[in-house]
Amino acid sequence: MNKAIKARETEKQELLGKGLTDKKVINELITFKHNNPVLYNKRLPTEMYDKVNLMCRKYMDRMARFEMDYDFIVDAEMFRNVAVCCLESVPVLRSQVVNHPVSPYWRLADYTVDDFVFVKEVGDIEKARTEFFAHEIPLTSNVQMNIALFYNNNKTYICFIWNHMCMDGGGFKMFWSDFCRNYTQYDLDGISPLSFSTGSRKYTDVYKDMERDKAKKARLQFANISPRSVHGFPFRNNKREDSVIIVSRKIPSESFIPAREFAKSSGATVTDLLLASYIDSLAKISDISPESPISVACATDLRRHIKDLSTVGYTNHVSFIHCALSQRGNGLKDTLEKVSEKTRQLKKDEFIGLHGLPLLNIAYKTMVYLQAETVVKLFYNNPSLSVSNVGVIVPESFSLSGNMPFDAFVAGAAKNKPCAVMTALTINDTLSVSMCLRGNENDKKLLERFFDEYVKNINSCR
């Protein structure tokens, strides 16, 4: 037996040991990897956004959370086979973070599919998802995402938690759409699940589709003025807690559709509505006067600057704009008008979201990492108030063998107080909003009060 054949046999055994049970897929996966030798690299660079999210461990737990719910039983073995192909195609998900003081990097790690996917029949789905979302994946873990298939009453609740260094919400939607397509083609047509993105994770992709002059100007947007809000959530203390608490609400279509139409009729967007309701709900629990200035950060997906996403991998392309109001408004509708006018002004900027990125890049490129992290922290303004709208979840894009999700949920990283980040998505005309916090029972009660007011605000928009 020559060396090439022996090496291939060894690789087959390794994939079997990792949990891939389909021999046809094993053979095609090995051929795919041989045609893409970069997948054998033992070490991957940490990109700029990887380093930013590593630095942000000071402010949060670095975890992102998502859930998709399906009205059928997902085939566990088939899912696990797709999962191994995913891990072999996306090395960052099967790597450890080596927090080297000079230059951090990703180091490829050994794994089995059981490290990545958990399958369990549960009687209490709320308890199962709460416990799953409360755990944290350490930097030294051999995989950077965990997926749970919870079976309950002939439904499958698929829960995800992952290291935010790997990807943001937009990157996750690309990832899960690809996973669903691979699963479906594998199940229905017997096509090996090998069409995951192996594209670039570099932040500089935001410039790749710009005209030369515009790209040159974009790379010179060093200033990033981020106003500090004088207001915050009235937590009893800002002590760092160990427990992760998640508070959420779902606003059904019969309430959300009229609110959305009301916003549209006044020239506002759904994100404007989310921001205005956030501001007004905070004002109710914090006694903020209508004349008081307030600033709330809002996540913006930088993929808006990229025309061709086919060469972009699963990564972070997100920044923040700042909805800074000189007065919050006298009631929700007045606040909505002010928010809408402010965001319209912000959207006129052709470099929206790109300000400050070149400066971050220079810091991480010209200094050793430990020094760069220290310097960036000095100038980094971690917003205490912010909103992140993941947007509309189109069920057809996340269908598993013809079964579309009937519900979805998102929660961001568990922030340290005083930060309070609301994350939102819409599916089937239902709005889902949540906050994830390192906090205690008193903090949880405060967030419950906030969301009670939030629901009232949305319901009042008719």
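# Aromatic pairs, sheets and a pocket

Tyr-59 is buried, because its relative accessible area of 12% falls under the 20% limit for that class. Tyr-380 has a relative accessibility of 26% and therefore counts as partly exposed, the class between 20% and 50%. These values, like the others in this report, come from a predicted model.

The two tyrosines belong together. In the whole structure there are 27 aromatic pairs. One of them is formed by Tyr-59 and Tyr-380, with 5.6 Å from centre to centre and 35° between the planes, and this pair is tilted. A pair of aromatic rings is described by exactly these two quantities, the distance of the centres and the angle of the planes. The partners come from distant parts of the chain, 321 residues apart. Tyr-59 lies in the loop between α3 (48-55) and β2, while Tyr-380 lies in the loop between α13 (369-379) and β11 (385-393).

Aromatic residues also form a cluster. Its members are Phe-66, Phe-79, Phe-160, Trp-162, Phe-172, Phe-175, Trp-176, Phe-179, Tyr-183, Phe-196 and Tyr-314.

Next come two sheets. Strands of a sheet pair through backbone hydrogen bonds, either parallel or antiparallel. One open sheet consists of three strands in the order β1-β4-β3, and its pairing is antiparallel. At its edges stand β1 (43-45) and β3 (95-98), each of which pairs on one side only. On average, neighbouring strands here are turned by 30° against each other, with direction ignored. A hairpin of six residues connects β3 to β4. Within the pairing of these two strands, Ser-95 stands opposite Leu-108 in β4. On the side of β1, Pro-45 stands opposite Tyr-105 in β4.

Another open sheet has five strands in the order β5-β6-β7-β2-β12, and its pairing is mixed. The strands β5 (117-121) and β12 are at the edges with a single partner strand each, so one side of each has no neighbour in the sheet. From one strand to the next, the twist averages 15°. Where β12 pairs with β2, the bridge partner of Tyr-70 is Pro-405 in β12.

The table lists three strand pairings from these sheets.

| Strands | Sense | Bridges |
|---|---|---|
| β1 and β4 | antiparallel | three bridges |
| β3 and β4 (105-108) | antiparallel | four bridges |
| β2 and β12 | antiparallel | six bridges |

The last topic is a pocket. Rolling a probe the size of a water molecule over the atoms shows where empty space is left. The second largest pocket has a volume of about 470 Å³. Its lining is made of 22 residues, and those nearest the centre are Glu-126, Arg-129, Thr-130, Ile-246 and Ser-248. Which elements give two or more residues to this lining? They are β2 (63-70), α6 (125-134), β8 (244-251), β12 (405-411), β15 (430-438) and α14 (441-459). The largest share, seven residues, is supplied by β8. Sorted by class, the lining of the second largest pocket holds nine nonpolar, three polar and ten charged residues.

Two strands link the topics of sheet and pocket. Both β2 and β12 are members of the sheet of five strands, and both also give residues to the pocket lining.

Definitions and conventions:
Residues numbered from 1 in each chain as written. Predicted model: local features only at pLDDT ≥ 70, side-chain atom pairs only at ≥ 80, totals over all residues. Heavy atoms only, no water. Pairing = 2+ DSSP bridges. Axes fitted to C-alpha atoms, helices over the stretch in contact; angles between N-to-C directions. 1 Å grid on protein atoms, 1.4 Å probe; cavity = no way out; pocket = protein on both sides within 12 Å on 5 of 7 lines; lining within 4 Å. Points joined across faces, edges and corners; volume = space filled by probe spheres on them. Nonpolar A, V, L, I, M, F, W, Y, C, P; charged D, E, K, R; others polar. Phe/Tyr/Trp six-rings, centres within 6.5 Å; stacked < 30°, edge-to-face > 60°. Buried < 20%, exposed > 50% of the residue type's maximum accessible area, 1.4 Å probe, protein only.
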